[in-house]
Amino acid sequence: MTNEEKIAMLEDVLELNGGTLKPETDLSTIDEYDSMAKLSLIVMMDDEFGKKLTGEQIFKFKTVQDILDFMG
Amino acid sequence: MLVVKSAVGQVMDSVVYALSDGISHDYYLVDIGDFDAARSLLPEDANVRGVFITHGHHDHIFGINSLKKAYPECVVYASEECTRMLASAKLNLSMYLEMPMEYAGEVTILHDGDVVPLFEGINLTAIATPGHNPSCLCFEVENYLFTGDSYIPGVKVVTNLPGGNKKQAQESLEKILRIAEGRKLCPGHNAC
């Protein structure tokens, strides 16, 4: 999966328009990155990538790139 | 006359509502995210006759096993989709939060328009409001409308969890707003 495809999935989870996110986007600047979105992210990681994402790990995510790196 | 009390629970600040007629010891609950929150609303001699589940997300059902242990005769009312979520830690999302819970006991299934008598002259009507989740129901009782997460005033309806559907959520929202006119709204978060 390309980075563009991963970003598109992330935009879908966050209910953002396509092209909103860049790898360097600071997550703290995204209003939609709230507790429900984080829960949705946990579900997506498990269902789509087979990866367990913990609350502690989410707390460490600062940019979109951090999430992309976790996706692998 | 219907008396409604509410308490905010520890599980994602979801709200538990307790309904009574102010005369008998009979009570009904709307959602049971946190049994301790529910218990704070009930007198010691309360007879909890039923709990109405607005939808199957963990924060609205987490206390159900404690409730059934304390009040075995309590009837669980929910949508058909919700019964599947109650019985699956994956579907109700509790698994993802490392607090897995499941309930596989009896459920009385409610469909859109079903009416349940609560107290003398006081009925509850179920209203299907899919969108936030397919399991979503709202409940109309006298001039109260319990909306779960299908409508939280001032908050955009969340549709990015599994089963969420933005188009259905919008249609349900329009339906809720029509019914809500002149009624007191009691959402699943931010109590009325």
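**View 1. B:Phe119 sits across from B:Ile122, which belongs to β8(B).** This is a close-up of a predicted model, as are the other views here. The strands on show are β7(B) and β8(B), the latter covering residues 122-128, and four bridges pair them in the antiparallel sense. Zooming out a little, they belong to an open sheet of five strands in chain B, ordered β7-β8-β9-β10-β11, with mixed pairing. The edges of this sheet are β7 (115-119) and β11 (184-187) of chain B; each has a single partner strand, so one side of each goes without a neighbour in the sheet. Ignoring direction, neighbouring strands here are turned by 25 degrees against each other on average.

**View 2. β9(B) and β10(B) come together as a hairpin with two residues between the strands.** The two strands run antiparallel and are joined by three bridges. Look for B:Glu140, whose bridge partner in β10(B) is B:Leu145. At the hairpin itself, B:Glu142 is worth a glance: B:Glu142 takes a positive phi near 45 degrees.

**View 3. β10(B) is mostly covered, with five of its five residues buried.** Which residues of β10(B) point one way, and which the other? B:Tyr144, B:Phe146 and B:Gly148 go one way, B:Leu145 and B:Thr147 go the other way, and all are buried. That fits a familiar rule: in a regular strand, side chains alternate between the two faces of the sheet. Lying across β8, β9 (137-141), β10 (144-148) and β11 of chain B is helix α4 (residues 166-180) of chain B, which runs at about 160 degrees to β10(B).

**View 4. A right-handed β-α-β unit is made by β10(B), α4(B) and β11(B).** Unlike a hairpin, this pair of strands is parallel: β10(B) and β11(B) are joined by four bridges. Within the pair, B:Leu145 faces B:Leu185 in β11(B). B:Leu145 is also the residue that B:Glu140 bridges to.

**View 5. B:Tyr17 and B:Phe146 form an edge-to-face aromatic pair.** Their centres are 5.2 Å apart, with 70 degrees between the planes. Why does this pair tie together parts that are far apart in sequence, 129 residues in all? Because B:Tyr17 lies in strand β2 (residues 15-20) of chain B while B:Phe146 lies in strand β10 of chain B. Both rings are tucked away: B:Tyr17 is buried at a relative accessible area of 1%, and B:Phe146 is buried at 0%. B:Phe146 also pairs with B:Tyr144; those ring centres are 6.2 Å apart and the planes are at 15 degrees, so this pair counts as stacked. B:Tyr144 is buried too, with a relative accessible area of 14%. Over all chains, the count of aromatic pairs comes to seven.

**View 6. β3 and β4 of chain B pair in the parallel sense over five bridges.** Strand β3 covers residues 26-30 and strand β4 residues 47-52. Across this pairing, B:Tyr28 stands opposite B:Gly50 in β4(B). The two strands are part of an open sheet of six strands in chain B, with the order β1-β2-β3-β4-β5-β6 and mixed pairing. At the edges are β1 (3-8) and β6 (108-109) of chain B, and since each has a single partner strand, one side of each is left without a neighbour in the sheet. B:Tyr28 turns up again in an aromatic cluster, along with B:Phe52, B:Tyr77, B:Phe119 and B:Phe139.

**View 7. Cysteines of chain B, in a structure that holds zero disulfides over all chains.** How far is B:Cys82 from the nearest cysteine sulfur? That sulfur belongs to B:Cys136 and is 8.8 Å away, and B:Cys82 is in no disulfide. B:Cys138 is in no disulfide either, with the sulfur of B:Cys136 again its nearest, at 7.4 Å. A disulfide needs two cysteine sulfur atoms within 2.5 Å. Buried or exposed, then, for B:Cys82? B:Cys82 is buried, with a relative accessible area of 0%. B:Cys138 counts as buried as well, at 1% relative accessibility.

Notes: Residues numbered from 1 in each chain as written. Chains lettered and ligands numbered in written order. Predicted model: local features only at pLDDT ≥ 70, side-chain atom pairs only at ≥ 80, totals over all residues. Heavy atoms only, no water. Buried < 20%, exposed > 50% of the residue type's maximum accessible area, 1.4 Å probe, protein only. Pairing = 2+ DSSP bridges. Axes fitted to C-alpha atoms, helices over the stretch in contact; angles between N-to-C directions. Contact = heavy atoms within 4.5 Å. Right-handed = clockwise from strand over helix to strand, strands pointing away. Phe/Tyr/Trp six-rings, centres within 6.5 Å; stacked < 30°, edge-to-face > 60°.
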